[in-house]
Amino acid sequence: TMLSKNALDRFAARKETFGFLVVLGAAAALYLYHLGFSDIWADEALTKAIIRHPLRDLLRLVADDFHPPLYFLALKFFTGVLGNTDRTIRLFSVLGALSTLVLGYTAGRRVFGKSGALCLCLLLVALPMPGLYSHVARMYTWTAFVTTGVFLYAVLYARDGHKADLALLGLFWLMAAYIQYYCMIAAFWSGLALLVICFAKRLPAWRAVAVMGAAVFLLFLPWLLVLLSQARA
């Protein structure tokens with residue numbers, strides 16, 4: 001009986017993993033379909049032009065574009081390998097949408113269980129926005145990836161208190177700050193919520209959260225000066 005139960009559990013786990021791979025493959029087909037069908041529009045043309053410049057000029061141009069630099073730096077590296085074409089700059093957005101699904105399943109199954117994580121991925125694929133923005137050479141699909149990571153790992157650390165989860169949360173906080181300013185707001189509120197939970201439960205983990213937040217702030221400080229100059233412009 002015990003062997004039968006273990007076999008059924010393994011079958012269920014494999015069935016859900018197979019289900020996720022089917023969802024991921026369907027999403028890839030959907031997001032890649034007619035990737036280069038339409039001409040690039042103004043913001044995409046700006047993206048393509050920015051990443052053609054050397055690194056120093058790229059950072060200056062991004063500062064004038066009122067965005068943090070992470071997306072443009074990552075895209076510059078990506079196109080440095082595959083070439084700077086209309087298709088490749090959009091392909092990077094497709095990878096952002098697919099990465100969100102992978103993260104939603106791998107980290108999400110620790111929060112919701114495998115069935116819940118699979119439902120989360122199905123919900124993400126059902127939303128029109130990932131499909132739309134996977135064909136736009138801007139940072140929007142990657143902001144979805146980063147924001148998903150921020151909230152999933154905030155929940156995991158609040159529940160389990162594992163140092164590895166806090167380290168990953170700090171990484172997602174930092175990426176959020178450097179990829180899009182709205183993501184930075186999400187990172188701030190997730191950190192504040194963690195502190196409130198720690199204080200409400202009288203957990204000593206608030207110190208680790210505060211230290212991680214301070215470290216992320218210090219790492220963002222060089223670009224914060226750029227942000228302040230942008231706000232005055």
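What volume does the second largest pocket have? In this predicted model, the second largest pocket comes out at about 220 Å³. It is lined by 14 residues, and those closest to its centre are Met129, Pro130, Tyr140, Thr141 and Ala144. Two or more lining residues come from each of α5 (86-106), α7 (128-133) and α8 (140-160). Of these, α8 gives the most, with 5 residues. Sorted by character, the lining of the second largest pocket has 10 nonpolar residues, 4 polar ones and no charged ones.

The largest pocket holds about 370 Å³ of space. Its lining is made of 15 residues, and the ones closest to the centre are Trp173, Ala187, Phe188, Gly213 and Val216. Here the helices that each supply at least two residues are α9 (163-179), α10 (181-200) and α11 (206-232). The largest share belongs to α11, which puts 7 residues into the lining of the largest pocket. That lining splits into 13 nonpolar and 2 polar residues, and again no charged residue turns up. As for how such spaces are found, rolling a probe the size of a water molecule over the atoms shows where empty space is left.

Stepping back to the whole chain, the picture is all about helices: there are 11 of them and 0 strands. Read from the N terminus, the order of elements is simply α-α-α-α-α-α-α-α-α-α-α. The C-alpha atoms fill a box of roughly 65 × 50 × 25 Å along the principal axes. The chain has 233 residues, and 39% of them count as buried. Among contacts with a separation of 6 or more, 72% are between residues 24 or more positions apart.

What about the inside? The largest nonpolar core has 43 residues, and the members that touch the most others are Tyr71, Phe72 and Trp173. At least two residues of this core come from each of α3 (55-64), α4 (70-82), α5, α8, α9, α10 and α11. The biggest contribution is from α8, with 9 residues. Apart from this core lies another one, of 16 residues, including Phe20, Val23, Leu98 and Leu124.

Trp173 deserves a second look, as it appears both among the residues closest to the centre of the largest pocket and among the best-connected members of the largest nonpolar core. Setting aside neighbours within four places in sequence, Trp173 is in contact with Val150, Ala187, Ser190, Gly191, Leu194, Val209, Met212, Gly213 and Val216. Three of those names, Ala187, Gly213 and Val216, also sit on the list of residues closest to the centre of the largest pocket.

Tyr71 and Phe72 have a story of their own. A pair of aromatic rings is described by the distance of the centres and the angle of the planes. There are 12 aromatic pairs in total. In one of them, Tyr71 and Phe72 meet edge-to-face, with 5.3 Å from centre to centre and 75 degrees between the planes. Tyr71 counts as buried because its relative accessibility is 1%, under the 20% cut-off. Phe72 has a relative accessibility of 0%, so it is buried too. Both belong to an aromatic cluster whose other members are Phe78, Phe92, Trp142, Phe145, Tyr153 and Phe172.

Is Arg90 buried or exposed? This residue lies in helix α5, and its relative accessibility is 1%, so Arg90 counts as buried. Leaving out neighbours within four places in sequence, Arg90 is in contact with Leu35, Gly36, Ser38, Asp39, Ile40, Glu44, Ser134, His135 and Ala137.

Finally, a word on the backbone. Most residues other than glycine have a negative phi. Which way does phi go at His34, positive or negative? His34 has a positive phi of about 55 degrees, although it is not a glycine. His34 is found in the loop between α1 (2-32) and α2 (42-50), and with 42% relative accessibility it counts as partly exposed. Arg202 also has a positive phi, near 55 degrees, and is likewise a residue other than glycine. Its place is in the loop between α10 and α11. At 77% relative accessibility, over the 50% cut-off, Arg202 therefore counts as exposed.

Terms used. Residues are numbered from 1 along each chain as its sequence is written. This is a predicted model: local features need pLDDT of at least 70, side-chain atom pairs count only at pLDDT 80 or more; totals for chains, interfaces and linings use all residues. Side-chain values use heavy atoms; hydrogens and water are left out. On a 1 Å grid over the protein atoms alone, a cavity is a set of points where a 1.4 Å probe fits but cannot get out, and a pocket is an open set with protein on both sides within 12 Å along at least five of seven lines; lining residues have an atom within 4 Å of a point. Grid points are joined across faces, edges and corners, and a volume is the space filled by probe spheres set on the points. Helices (H or I, at least four residues) and strands (E, at least two) are DSSP runs, numbered from the N terminus. Ala, Val, Leu, Ile, Met, Phe, Trp, Tyr, Cys and Pro count as nonpolar, Asp, Glu, Lys and Arg as charged, and the others, Gly among them, as polar. Buried means under 20% relative accessible area, exposed over 50%, partly exposed in between (1.4 Å probe, protein chains only). Contact means heavy atoms within 4.5 Å. A nonpolar core is a set of buried Ala, Val, Leu, Ile, Met, Phe, Trp, Tyr and Cys residues joined through side-chain atoms within 4.5 Å. Rings of Phe, Tyr and Trp (its six-membered ring) pair if their centres lie within 6.5 Å; planes under 30 degrees apart count as stacked, over 60 as edge-to-face and the rest as tilted.
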